[in-house]
Amino acid sequence: MVIEAYGKTDRGRVRNENEDVILLDNSFSLFLVCDGMGGHRRGEVAAELAAAAIQRSIEATSDRYDVSWPFGYVFELSLDANRLSTGIRLANRQVWRRSEQTLECTGMATTVAAILIAGNRLIVGNVGDSRVYLLREHQLHQYSTDDTMIASLVRRGLMTPADAASHPMRNVVTQSAGSRETVDVHLREELLQTEDVLLLCTDGLYSVVQEEEIQSILDSERSVERSVERLVVAALAAGGPDNISAVALRYS
């Protein structure tokens with residue numbers, strides 16, 4: 001197994017601060033993006049807390065069996081899916097508690113989009129609206145689940161994707177790490193295939209760069225570094241209204 005990975009985060013053209021955080025931990029095959037919310041740098045604190053908590057949890061459970069403490073083991077999930085789920089839920093607890101204990105951190109929260117690779121198995125976990133995509137055989141697939149009000153309406157058949165794309169409330173997030181005491185972590189498991197390309201990104205990228213262009217860039221570049229650089233440039237060229245973060249991986 002060989003994983004080529006590269007990530008980049010950019011403030012964008014409008015925001016004064018960058019509250020996104022990315023993590024590439026090749027030693028444990030853990031990769032994630034977090035989009036902090038709360039303003040006045042509190043979002044950055046939330047994102048950093050969450051990323052660090054997930055990384056510590058994955059490292060601590062790499063050779064242990066109590067991987068789901070203190071939430072309990074879900075037998076319908078694999079061992080590694082339980083590890084990632086627990087890490088994200090612990091991150092939520094960390095951010096929630098800091099928000100309660102520190103006045104200047106009140107109301108902070110963060111999205112989490114994370115992947116853990118174990119051999120040829122991919123585990124995707126997310127909370128919020130940061131995304132994970134998989135490019136396979138020239139087709140782009142979203143593997144994360146958007147926690148937004150509009151995305152929920154689309155999943156229930158109450159709104160079309162076309163209408164959702166331009167809806168003024170499309171970015172209203174329904175849950176994120178730290179926004180409430182417990183969160184529902186979206187999980188997905190998949191067997192990887194040679195030359196699969198994965199992309200983790202915040203809405204500062206996908207909200208201004210169409211999926212067709214994302215697919216074209218990922219599909220046309222052999223270098224994940226070059227793919228990420230082009231994606232960030234595309235988001236900046238589209239106005240860069242938000243922080244932009246992208247992590248790309250190629251599996252072989």
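**Notes on Arg 131 and the sheet around it**

1. A good place to begin is the salt bridge between the side chains of Asp 146 and Arg 131, with N to O at 2.6 Å. The two residues are 15 apart in the chain: Asp 146 sits in the loop between β8 and α3 (149-155), while Arg 131 belongs to strand β7. Please keep in mind that this is a predicted model.

2. Are the two partners buried or exposed? Asp 146 has a relative accessibility of 9%, so it counts as buried. Arg 131 is buried too, because its relative accessible area is 12%, and the cut-off for buried is under 20%.

3. Arg 131 has another acidic partner: Glu 211 forms a salt bridge with it, the closest N and O atoms being 3.4 Å apart. This pair spans 80 residues and ties helix α6 to strand β7. Glu 211 counts as partly exposed, at 35% relative accessibility.

4. Next, the strand that carries Arg 131. Residues 131-136 make up β7, and 6 of its 6 residues are buried. Arg 131, Tyr 133 and Leu 135 point one way from the strand, whereas Val 132, Leu 134 and Arg 136 point the other way.

5. Which strands flank β7 in the sheet? The order is β1-β11-β10-β7-β8, an open sheet of 5 strands with antiparallel pairing, so β7 has β10 on one side and β8 on the other. At the edges stand β1 (3-10) and β8 (139-142); each has a single partner strand, so one side of each lacks a neighbour in the sheet. On average, neighbouring strands are turned by 15 degrees against each other, direction ignored.

6. The pairings of β7 can be followed residue by residue. Towards β10 (residues 197-201) there are 5 bridges; Leu 134 stands opposite Leu 198, and Val 132 opposite Leu 200. Towards β8 there are 4 bridges, again antiparallel, and here the bridge partner of Leu 134 is His 141. The hairpin of β7 and β8 has 2 residues between the strands, and Glu 137 in this hairpin takes a positive phi near 50 degrees.

7. Two helices deserve a look alongside the sheet. Helix α6 (residues 211-220) packs on the sheet and touches β7, β8, β10 and β11 (244-251), its direction making about 120 degrees with that of β8. Helix α7 (residues 224-237) lies across β1, β10 and β11 and runs at about 25 degrees to β1.

8. Beyond Arg 131, the structure holds 14 salt bridges in total. One of them joins the side chains of Asp 242 and Arg 15 at 3.3 Å, N to O. That pair is 227 residues apart, with Asp 242 in the loop between α7 and β11 and Arg 15 in the loop between β1 and β2 (20-25). Asp 242 is buried, with a relative accessible area of 13%, while Arg 15 counts as partly exposed at 38%.

9. Finally, a surface feature you may like to inspect: Tyr 73, Phe 75 and Leu 79 make a nonpolar patch of about 320 Å². Phe 75 lies in the loop between α1 (42-60) and α2 (79-101). Its relative accessibility is 73%, so Phe 75 counts as exposed.

Technical notes
Residues numbered from 1 in each chain as written. Predicted model: local features only at pLDDT ≥ 70, side-chain atom pairs only at ≥ 80, totals over all residues. Heavy atoms only, no water. Patch = residues over 30% accessible without salt bridge, like charges linked within 9 Å, V, L, I, M, F, W, Y side chains within 5 Å. Areas by Shrake-Rupley, 256 points an atom, 1.4 Å probe, with all protein chains shown as cover. Salt bridge = Lys/Arg side-chain N within 4 Å of Asp/Glu carboxyl O. Buried < 20%, exposed > 50% of the residue type's maximum accessible area, 1.4 Å probe, protein only. Pairing = 2+ DSSP bridges. Axes fitted to C-alpha atoms, helices over the stretch in contact; angles between N-to-C directions. Contact = heavy atoms within 4.5 Å.
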